[in-house]
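Please open the model in your viewer and keep the selection tool at hand. The tour goes from stop to stop, saying at each one what to select and what can be found there.

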Amino acid sequence: MFLKGIYAGRPAIFQLIVLLLLVLAGAVFSSLIVMGSFYMIYGLQTEITQYPDMMRLLQLFSAIGTFLFPALSLAWLCSNNPKEYLSIGKIPKGHILFLTFLSVFLLSPTISLTGLLNKQMELPSFMGPVENWMRSQEETAERLTLTLLAGKGIITLLFNLIVIAVAAGVTEEFLFRGALQRIIGKWTHNHHIVIWSAAIIFSAFHMQFFGFLPRMLLGAYFGYLLYWSRNIWIPVFAHFVNNAFAVISMSNARLKDNEFITGDISTENLLPYTIVAIITLYLFHYCTKHIKKQLADQ
């Protein structure tokens, strides 16, 4: 079939360059489609941030173009069996999905504490301009997130879940766990190096430096889920659950200001929250052992 497997067996660095070119092309093309359509409808002087629905559409097309298209294209070009290349297996059984859901829930307090620690990061004084730029990037990302989540009602919530949870879960996992881990695995057979390298790149790609550590830890966990299962749909589901938690909590007026939900833990609640995080981390470890056992018995 046309171009299928033409780069199969090529070195990892070659496949990585191909992937980067595909990511660049997909990002540019998807942005041009949405932004071109937006300016044709609303005019060149209009800010897209005034239209949350158009921002959701841009986010959706960007995710498909930047993450999913490159991953699928790379698998097609670099393998005679693209499904195997991306570890696309059968839909996991219900009890595996339930344990995955539970594990993400149990890991959340530890992730929140890691995020709290990450926010305290301060660079040396001579790197002040760099830190200011990083904080500016963080503030911009937060404003865009709040704009995406703007609006009330079940329809808005469903659209946000589709864009931020479903689409992001599928597209980002296909790229970072499916494609990128496959390429890094051509350099080394040490699965820990493969998983953590992909997790670092995954977190860095988001350009939110004060959330780097928690996102890296999540990326690593998603990577281990793929390693244990050899099925991309399990980390996709875990990614969806994590993002869905965030969307639902941020969309609820009472939940979005709750420090135990946002992770901005006050000083007086830091100790009890840390104790809770330690307990849930132990339960998370027990849960992942059960997940590995269930996957091994399949």
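Begin by selecting Glu-84 and Arg-182, which form a salt bridge in this predicted model, with the closest N and O atoms 3.7 Å apart. Glu-84 belongs to helix H3 and Arg-182 to helix H6, so this pair ties together parts that are 98 residues apart in sequence. If you colour the two residues by accessibility, Glu-84 comes out as partly exposed, at 44% relative accessibility, and Arg-182 is likewise partly exposed, with a relative accessible area of 28%.

Keep Arg-182 selected and turn to the space beside it. The second largest pocket holds about 430 Å³ of space, and Arg-182 is among the residues closest to its centre, together with Gln-181, Gly-185, Val-194 and Arg-230. The full lining of this pocket comprises 21 residues, which by class are 6 nonpolar, 10 polar and 5 charged.

Which helices each supply at least two residues of this lining? Select helix H3 (82-85), helix H6 (154-184), helix H7 (191-205) and helix H8 (212-229) in turn, since each of these does so. H6 gives the most to the lining of the second largest pocket, with 4 residues.

Stay with helix H6 and select Arg-177 and Glu-173, where another salt bridge is found, its closest N and O atoms being 2.7 Å apart. The two residues are 4 positions apart in helix H6, and are therefore separated by about one helical turn. Are these partners buried or exposed? Arg-177 is buried, with a relative accessible area of 1%, and Glu-173 also counts as buried, at 0% relative accessibility, because buried means a relative accessible area under 20%.

Next, select Ile-154, which is found in helix H6 as well, and which counts as exposed because its relative accessibility is 54%, while the cut-off for exposed is over 50%. Extend the selection to Ile-155, Leu-158, Phe-159, Ile-162 and Val-166, and you will have the residues that form a nonpolar patch on the surface with Ile-154. Together, the residues of this patch have about 560 Å² of accessible area.

Move now to helix H2 (residues 52-78) and select Asp-53 and Arg-56, both of which lie in this helix, 3 residues apart, or about one turn of the helix. Asp-53 forms a salt bridge with Arg-56, and the closest N and O atoms of the pair are 2.5 Å apart. How do the partners fare in terms of burial, buried or exposed? Asp-53 is exposed, with a relative accessible area of 56%, whereas Arg-56 is buried, with a relative accessible area of 5%. With this pair you have now visited the salt bridges of the structure, which holds 3 of them.

For the last stop, select Ala-246, which is found in helix H9 (residues 233-251) and counts as partly exposed at 39% relative accessibility. Add Asn-81 to the selection and draw a distance between the two C-alpha atoms: these residues are 165 residues apart along the chain, and their C-alpha atoms are separated by 35 Å.

Note on methods:
Residues numbered from 1 in each chain as written. Predicted model: local features only at pLDDT ≥ 70, side-chain atom pairs only at ≥ 80, totals over all residues. Heavy atoms only, no water. 1 Å grid on protein atoms, 1.4 Å probe; cavity = no way out; pocket = protein on both sides within 12 Å on 5 of 7 lines; lining within 4 Å. Points joined across faces, edges and corners; volume = space filled by probe spheres on them. Nonpolar A, V, L, I, M, F, W, Y, C, P; charged D, E, K, R; others polar. Patch = residues over 30% accessible without salt bridge, like charges linked within 9 Å, V, L, I, M, F, W, Y side chains within 5 Å. Areas by Shrake-Rupley, 256 points an atom, 1.4 Å probe, with all protein chains shown as cover. Salt bridge = Lys/Arg side-chain N within 4 Å of Asp/Glu carboxyl O. Buried < 20%, exposed > 50% of the residue type's maximum accessible area, 1.4 Å probe, protein only.
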